[in-house]
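This briefing is written to be read beside the sequence and the coordinates. It takes up a pocket, a surface patch, salt bridges and backbone geometry in turn.

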Amino acid sequence: MPTIWFMIVAVMVAMYVLLDGFDIGAGAVHLLIAKNDAERRTILRAIGPVWDGNEVWLLAAGGTLYFAFPLLYASSFSGFYLPLTMVLWLLMLRGIGIEFRSHLSVGLWTSFFDVIFSVASILLAIFFGAALGNVVRGVPLNADGYFFEPLWTNFRAGTTNGILDWYTVIIGVVALVTLVVHGSLYLATKTEAELNARTRRIAFFLWPVQVLLTIVSLAATMFVRPGILTNFSNWPIGYLIPIVVAGSLVYLLVAQRQKNDKGAFLASCGYIVGMLVGAAFALYPNVLPASTDPNYSLTISNTATGAHGMQVGLVWWGIGMVLAAVYFVFIYRMFRGKVRVEEGAGGHGY
């Protein structure tokens with residue numbers, strides 16, 4: 001049962017990255033590709049009906065983590081208190097930037113909130129990547145399962161880690177480029193004319209950067225965690241994961257050359273899922289490795305809640321996921337197709 005819940009948490013995180021990832025990416029390129037107010041409103045209308053719903057998956061992932069692995073939840077939320085507070089502020093600033101720009105007719109304030117939305121999106125992508133880097137690299141856990149990390153120490157990936165070091169910065173850059181590509185490809189499916197062409201150019205230009213960063217991040221991960229590929233040797237089926245990642249990158253390029261926007265976006269989804277599944281597969285059964293002493297690592301065994309609670313929770317989680325799936329299918333079908341500046345968008349005044 002703990003293994004099942006480990007996979008459930010991984011699915012919840014992947015859903016959040018896939019869905020909120022494209023509107024974070026759209027925010028990151030918002031100022032770069034939109035040349036006037038009409039184009040900025042078009043970008044906001046492309047994500048307007050869904051961006052706040054997408055963020056629910058982050059809450060759902062946190063709630064699932066709290067239920068299934070309470071010690072992990074307690075340890076990580078105390079140890080990562082500072083970056084979590086920063087992420088909370090960035091999430092609020094994104095919402096403020098999106099909503100407030102449409103309530104003020106003064107051009108200066110509209111531009112100000114556009115900048116807030118874009119900068120908050122860029123920093124969120126980097127911090128989410130750095131968070132994943134911390135989990136993969138390990139944190140300075142002590143014997144009672146708790147730790148504290150400052151924002152940075154000496155930028156070395158050792159036993160006295162900070163949130164930011166050379167490795168987590170690399171993973172943060174990987175996340176930023178990945179989500180920029182993801183968001184650009186989503187916008188390509190929702191926009192037309194010159195705005196559509198600019199989003200395609202951004203994704204096409206960043207494709208070789210994404211490939212290079214994927215290779216660099218793999219090499220850096222193997223350097224920081226030499227035993228990271230152990231699970232792949234124990235269960236060779238795991239080698240399908242890098243095949244999926246590589247295949248997604250290849251098809252992403254092919255689809256872009258064919259101007260197949262939906263195909264390219266789905267390839268980006270495949271890449272993200274492959275990378276996240278690969279990280280989860282490599283870490284298992286660890287949920288938070290220790291950089292100090294491997295015996296202090298938090299695993300699915302020493303952090304899991306009771307067996308009865310997991311069994312009952314699985315039933316209610318299944319019901320909740322069915323309802324969530326119905327809602328998201330309804331929303332995405334209702335707002336499918338291209339967006340234009342003269343159209344409405346889910347009650348938002350963009």
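Helix 15 gives the most to the lining of the second largest pocket, contributing five residues. The model is a predicted one, and the points below, grouped by topic, start from that pocket and then move to the surface, the charged pairs and the backbone.

**The second largest pocket**

- The second largest pocket holds about 590 Å³ of space, and the elements that each give two or more residues to its lining are helix 1 (2–28), helix 3 (37–47), helix 9 (166–190), helix 13 (261–283) and helix 15 (307–334).
- The lining of this pocket is made up of 24 residues, and those lying nearest the centre are Phe 22, Tyr 186, Thr 189, Phe 265 and Tyr 332.
- Sorted by class, the lining of the second largest pocket comprises 16 nonpolar, three polar and five charged residues.

**A nonpolar patch on the surface**

- Leu 88, Trp 89, Met 92, Ile 96 and Phe 100 together make a nonpolar surface patch of about 500 Å².
- Ile 96, one of the patch residues, belongs to helix 7, which spans residues 81–100.
- The relative accessible area of Ile 96 is 32%, so this residue counts as partly exposed; a patch residue needs over 30%.

**Salt bridges**

- Side chains of opposite charge can pair when their charged atoms come close, and the structure holds eleven salt bridges.
- Asp 37, Arg 40, Arg 101 and Asp 114 are linked in a network of salt bridges.
- Within this network, Asp 114 pairs with Arg 40, the closest N and O atoms being 3.2 Å apart; because Asp 114 lies in helix 8 (residues 107–137) and Arg 40 in helix 3, the pair ties together parts that are 74 residues apart in sequence.
- Are the two partners in this bridge, Asp 114 and Arg 40, buried or exposed? Both Asp 114 and Arg 40 are buried.
- Asp 114 also forms a salt bridge with Arg 101, where the closest N and O atoms are 2.6 Å apart; this pair links distant parts of the chain, with Asp 114 in helix 8 and Arg 101 in the loop between helix 7 and helix 8, 13 residues apart.
- Arg 101 is buried, as is Asp 114.
- Another salt bridge joins the side chains of Arg 201 and Glu 194, at 3.1 Å from N to O.
- With 47% relative accessibility Arg 201 counts as partly exposed, and Glu 194, with a relative accessible area of 39%, is likewise partly exposed.

**Backbone geometry**

- Most residues other than glycine have a negative phi, and most peptide bonds are trans; the following points describe departures from that pattern.
- The peptide bond from Tyr 284 to Pro 285 is cis, with omega near 5°, and Pro 285 sits in the loop between helix 13 and strand 1 (286–288).
- Ala 193, although not a glycine, has a positive phi of about 55°; Ala 193 lies in helix 10, which covers residues 193–224.
- The relative accessibility of Ala 193 is 66%, so this residue counts as exposed.
- Lys 259 is a residue other than glycine with a positive phi, near 60°, and its place is in the loop between helix 12 (240–257) and helix 13.
- Lys 259 has a relative accessible area of 58% and is therefore exposed.

Notes: Residues numbered from 1 in each chain as written. Predicted model: local features only at pLDDT ≥ 70, side-chain atom pairs only at ≥ 80, totals over all residues. Heavy atoms only, no water. 1 Å grid on protein atoms, 1.4 Å probe; cavity = no way out; pocket = protein on both sides within 12 Å on 5 of 7 lines; lining within 4 Å. Points joined across faces, edges and corners; volume = space filled by probe spheres on them. Helix = DSSP H or I, 4+ residues; strand = E, 2+ residues; numbered from the N terminus. Nonpolar A, V, L, I, M, F, W, Y, C, P; charged D, E, K, R; others polar. Patch = residues over 30% accessible without salt bridge, like charges linked within 9 Å, V, L, I, M, F, W, Y side chains within 5 Å. Areas by Shrake-Rupley, 256 points an atom, 1.4 Å probe, with all protein chains shown as cover. Salt bridge = Lys/Arg side-chain N within 4 Å of Asp/Glu carboxyl O. Buried < 20%, exposed > 50% of the residue type's maximum accessible area, 1.4 Å probe, protein only.
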